[in-house]
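Biologist: Could you take me through one part of this model at close range? I would love to hear about the largest nonpolar core and the aromatic side chains that go with it.

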Amino acid sequence: MRHFIAFLAVISSVLFLYFINKGNQVKTPAAAPHLRVYSYASFTQAWGPGPLLKQKFKEKTGMEIDFIESPDSGVLLQRLKLEGPTLGADMVIGLDQYDLKRALGELQWKKIDFGNLIKEQGLDPQLENEYFVPYDWGILSFIARKGTLPFEPQSLDDLLDPRLRDKIAYEDPRTSSPGLQFLFWVHNQKKSKANDFMKSLFAQAHSFSPSWSQAYGLFQKKQALMVFSYVTSTLYHEIEEKNFDTYFLKFKEPHPVQ
């Protein structure tokens, strides 16, 4: 009887080891390839186009997209220059016309085979190159809520009105793409007087946030009455939130286009 029990124990051990070894030999299906995309927060977050494009891309190609998020498109180039290949990004989305010039001169890029890509007619020739393709554009202005402003600003000079002191949220041009767009707007319009204008504006402003999302967050929390943003911000509130309280201000100066 003892020999029979010992025999069963040996057989059980052998079968156990066999099935473990067999399990180890089972080939697991290859993981789906991943595409790592470096972009800015308002592109990758739920309110941006990133999540839906990620879903559609996987349905079409079977590939997963991993977003590497930057707080603002103005930080994209800075981080790329600092981290380079260690960032692990396969694609970069979000450089504007100012960062594009620096990117082409300071970093190495892989050429794109545009093939049959259909592009809009009349693209600015400075955007035509072998490494980048324009995918979006937007007009910038100031966004406000109806019935909240002490008066209706209609020019850059109106921003210095004492009644707007501590009322306007701006973006820092050193880290924010909209902030840089605003700075160039001022310099294009004020020329030699631009520096003095910016000094006065700095003392007048509610804040200069490091990113568009932070500045817009101050506006949404009603800590600021106005914010420098895209004119389509009002459309977002209307379409997605059914909120018709916001509007954009039209100045006498030609508005910047990103």
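Modeller: Happy to; here is a walk through the core, then the aromatic rings, and then a few individual residues. Please keep in mind that this is a predicted model.

Let's begin with the core itself. The largest nonpolar core has 33 residues, and the members that touch the most others are F142, L159, Y170, F182 and M226. Several elements each supply at least two of its residues: strands β4 (140-145), β5 (168-171), β7 (226-230) and β8 (246-249), together with helices α6 (177-190), α7 (194-204) and α8 (212-220). Of these, α8 gives the most, with 5 residues. As a general background, nonpolar side chains tend to be buried together in soluble globular proteins.

F182 is a good place to stop and look around. Setting aside neighbours within four places in sequence, F182 is in contact with F142, L156, L159, Y170, M198, L201 and F228. Apart from this core lies another one, of 17 residues, with V92, I93, L95 and A103 among them.

Now for the rings. F182 also belongs to one aromatic cluster, formed with F142, Y170, W185, F202, F208, F228 and F251. In total, the model has 18 aromatic pairs. One of them is the stacked pair of Y98 and F184, at 4.0 Å centre to centre with 10 degrees between the planes. Because Y98 lies in helix α5 and F184 in helix α6, this pair ties together parts that are 86 residues apart in sequence. Y98 counts as partly exposed, at 22% relative accessibility, and F184 is partly exposed too, at 32%. W109 and F132 make an edge-to-face pair, 4.8 Å centre to centre and 65 degrees between the planes. Both W109 and F132 lie in the loop between α5 and β4, 23 residues apart. W109 is partly exposed at 23%, whereas F132 is buried at 13%.

Some rings have a charge for company. The charged end of R145 sits over the ring of F219, 4.1 Å from its centre, and the charged end of R163 sits over the ring of F151, also 4.1 Å from the centre.

Two more residues round out the tour. S233, in helix α9 (residues 233-241), counts as buried because its relative accessibility is 8%. Beyond its neighbours within four places in sequence, S233 is in contact with I143, W212 and Y216. I139 lies in the loop between α5 (97-106) and β4, and at 32% relative accessibility I139 is partly exposed. Its C-alpha atom is separated by 8.6 Å from that of S229, 90 residues apart along the chain. Leaving aside neighbours within four places, I139 is in contact with S229, Y230, V231, H255, P256 and V257.

How values were computed: Residues are numbered from 1 along each chain as its sequence is written. This is a predicted model: local features need pLDDT of at least 70, side-chain atom pairs count only at pLDDT 80 or more; totals for chains, interfaces and linings use all residues. Side-chain values use heavy atoms; hydrogens and water are left out. Helices (H or I, at least four residues) and strands (E, at least two) are DSSP runs, numbered from the N terminus. Buried means under 20% relative accessible area, exposed over 50%, partly exposed in between (1.4 Å probe, protein chains only). Contact means heavy atoms within 4.5 Å. A nonpolar core is a set of buried Ala, Val, Leu, Ile, Met, Phe, Trp, Tyr and Cys residues joined through side-chain atoms within 4.5 Å. Rings of Phe, Tyr and Trp (its six-membered ring) pair if their centres lie within 6.5 Å; planes under 30 degrees apart count as stacked, over 60 as edge-to-face and the rest as tilted. A charge sits over a ring if NZ of Lys or CZ of Arg is within 6 Å of the ring centre and within 35 degrees of the ring normal.
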